[in-house]
Protein chains: 2
Amino acid sequence: MTKERMVNRIIGAGLKNTKYRVNIIEMLSKTDELVSAQEIYNRLLKKSIFINLSTVYRTLDILVDNKILNRVTIEGEKQSFYEYNRDIHHHFLICRGCNKIIPIYDCPLEDYEQKLKSESGFVITGHRVEFYGYCDECRKNLI
Amino acid sequence: MTKERMVNRIIGAGLKNTKYRVNIIEMLSKTDELVSAQEIYNRLLKKSIFINLSTVYRTLDILVDNKILNRVTIEGEKQSFYEYNRDIHHHFLICRGCNKIIPIYDCPLEDYEQKLKSESGFVITGHRVEFYGYCDECRKNLI
DNA sequence: ACGCAAATGCAAATCATTTGCATCTAAATT
DNA sequence: AATTTAGATGCAAATGATTTGCATTTGCGT
Ligand SMILES: [Mn+2]
Ligand SMILES: [Mn+2]
Ligand SMILES: [Zn+2]
Ligand SMILES: [Zn+2]
């Protein structure tokens, strides 16, 4: 993911090319972690990038609206998380021990959605799936 | 669900039997809707039951801790919703048009969880699944 | 009826997120 | 290159759901 491609995605969405937008896209495109707004702010600060927290929020909103990022909400967590949108349908495995969030690039629901559609009359436009449990490491610490 | 059984669930959990706890359990046990704390407050008010909103929250917390109710969070909604816990594993179908939430008493993930367990080394303790789309009625209004 | 721990009411605090408004900047236009 | 202006940003204050501290009340065992 070159800086040029990021700028192209920003401009392509009809947005102004600003350093903070590039910074945020850059950070998220380099990880598959889910990162909160506050954590984005903290990580930028660590790199001496002085963005205002409300600009972080506004930037995230706009980038989500333009499908450059995804907003993800996790059961039991009050803040939202963000990830770079790679246009790869996926779900999450979430450790209740260490709060690690692991993406799963696999979907068990494709067939089921068809079934649901015919049974319910609903037009299904998407779904969300999360698995909860304990990762290898945390499992060991469960006494 | 008789009032006596509700009182038994409360006492069985080691809690004091109070009118508000019974009122809230009673309300939720009579519907399969997901209801927010504020909406619970409003519905009680309509029946001239004058509970304080913070008591609603505290009661919900305790009843969730004691597995008498379930707390449910919905993608894109900031408040939590509550349902009576019937100990029946289920998921939800959510209409993006009218925000109707329909429980689905069926689970497409039982086999998949096993697979995931062996592949990831995770101990899986639960999952969450939601389907989003448009119900019959709202589909018609989609131009 | 008495005593105490638990439950409640009320007001204030908290926390993530949003907003109003003044100022600044990207980038289109002269 | 200077000018213009819509859109972006900073800052402080507002918001909305939820939580908390503390005084008062209530359920329930004695
Ligand atoms: Mn899927
Ligand atoms: Mn299931
Ligand atoms: Zn873990
Ligand atoms: Zn609908």
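A polar contact is a pair of N or O atoms within 3.5 Å; within protein, one atom must be able to donate a hydrogen and the other to accept it. The exercises below use a predicted model.

**Exercise 1. Describe the fold of chain A.**

Solution.
- Step 1: count the elements. Chain A has six helices and six strands.
- Step 2: read them in order. The pattern along the sequence is α-α-β-α-α-β-β-β-β-α-β-α.
- Step 3: take the extent. Along the principal axes, the C-alpha atoms of chain A fill a box of roughly 45 × 45 × 25 Å.

**Exercise 2. Work out the strand order of the open three-stranded sheet in chain A, and find its edges.**

Solution.
- Step 1: the order is E1-E3-E2 in chain A, with antiparallel pairing.
- Step 2: strand E1 (35–36) and strand E2 (69–72) of chain A each have a single partner strand, so one side of each is left without a neighbour in the sheet. These two strands are the edges.
- Step 3: check one pairing. Two bridges join E1(A) to strand E3 (residues 81–84) of chain A in the antiparallel sense. In this pairing, A:Val35 stands opposite A:Tyr82 of E3(A).

**Exercise 3. Identify the protein donors of the manganese ion (ligand 1) and place them in the chain.**

Solution.
- Step 1: list the atoms. The protein donors are A:His89 (NE2), A:His91 (NE2), A:Cys107 (SG) and A:His127 (NE2).
- Step 2: apply the cut-off. A donor must lie within 2.8 Å of the metal. These atoms lie 1.9 to 2.2 Å from the ion.
- Step 3: write the spacing. Along the chain, the donors follow H-x1-H-x15-C-x19-H.
- Step 4: map two of them onto strands. A:His91 is in strand E4 (residues 91–95) of chain A and A:His127 in strand E6 of chain A, so this pair ties together parts that are 36 residues apart in sequence.

**Exercise 4. Characterise the interface of chain B and chain A.**

Solution.
- Step 1: size the contact. Chain B contributes 35 residues and chain A contributes 35 residues.
- Step 2: take the area. The two chains bury about 3,000 Å² between them, 61% of it on carbon and sulfur atoms. B:Phe122, B:Arg128 and B:Phe131 supply 25% of the area that chain B buries against chain A, more than any other three residues.
- Step 3: count the polar links. There are 19 residue pairs in polar contact across the interface. The rule also finds six salt bridges there. One joins B:Asp106 to A:Lys115, with the closest N and O atoms 3.2 Å apart.
- Step 4: locate the contributing elements of chain B. Those that supply at least two residues each include strand E2 (69–72), helix H5 (110–120) and strand E6 (123–134). E6(B) gives the most, with 12 residues.
- Step 5: sort by type. The side of chain B that touches chain A has 19 nonpolar, seven polar and nine charged residues.
- Step 6: examine E6 across the two chains. Strand E6 (residues 123–134) of chain A and E6(B) run antiparallel, joined by 11 bridges. A:Val123 has B:Tyr134 as its bridge partner in E6(B).

**Exercise 5. Place two residues of chain B that have positive phi without being glycine.**

Solution.
- Step 1: take B:Ser48. Its phi is near 60°. B:Ser48 lies in the loop between helix H3 (37–46) and helix H4 (53–65) of chain B.
- Step 2: take B:Asp87. Its phi is about 55°. B:Asp87 belongs to the loop between strand E3 (81–84) and E4 of chain B.

Key:
Residues numbered from 1 in each chain as written. Chains lettered and ligands numbered in written order. Predicted model: local features only at pLDDT ≥ 70, side-chain atom pairs only at ≥ 80, totals over all residues. Heavy atoms only, no water. Contact = heavy atoms within 4.5 Å. Buried area = accessible area lost by both parts, 1.4 Å probe. Salt bridge = Lys/Arg side-chain N within 4 Å of Asp/Glu carboxyl O. Polar contact = N/O pair within 3.5 Å; in protein donor to acceptor, adjacent residues only side chain to side chain. Helix = DSSP H or I, 4+ residues; strand = E, 2+ residues; numbered from the N terminus. Nonpolar A, V, L, I, M, F, W, Y, C, P; charged D, E, K, R; others polar. Pairing = 2+ DSSP bridges. Donors = N, O, S within 2.8 Å, 3.2 Å for Na, K, Ca; no water.
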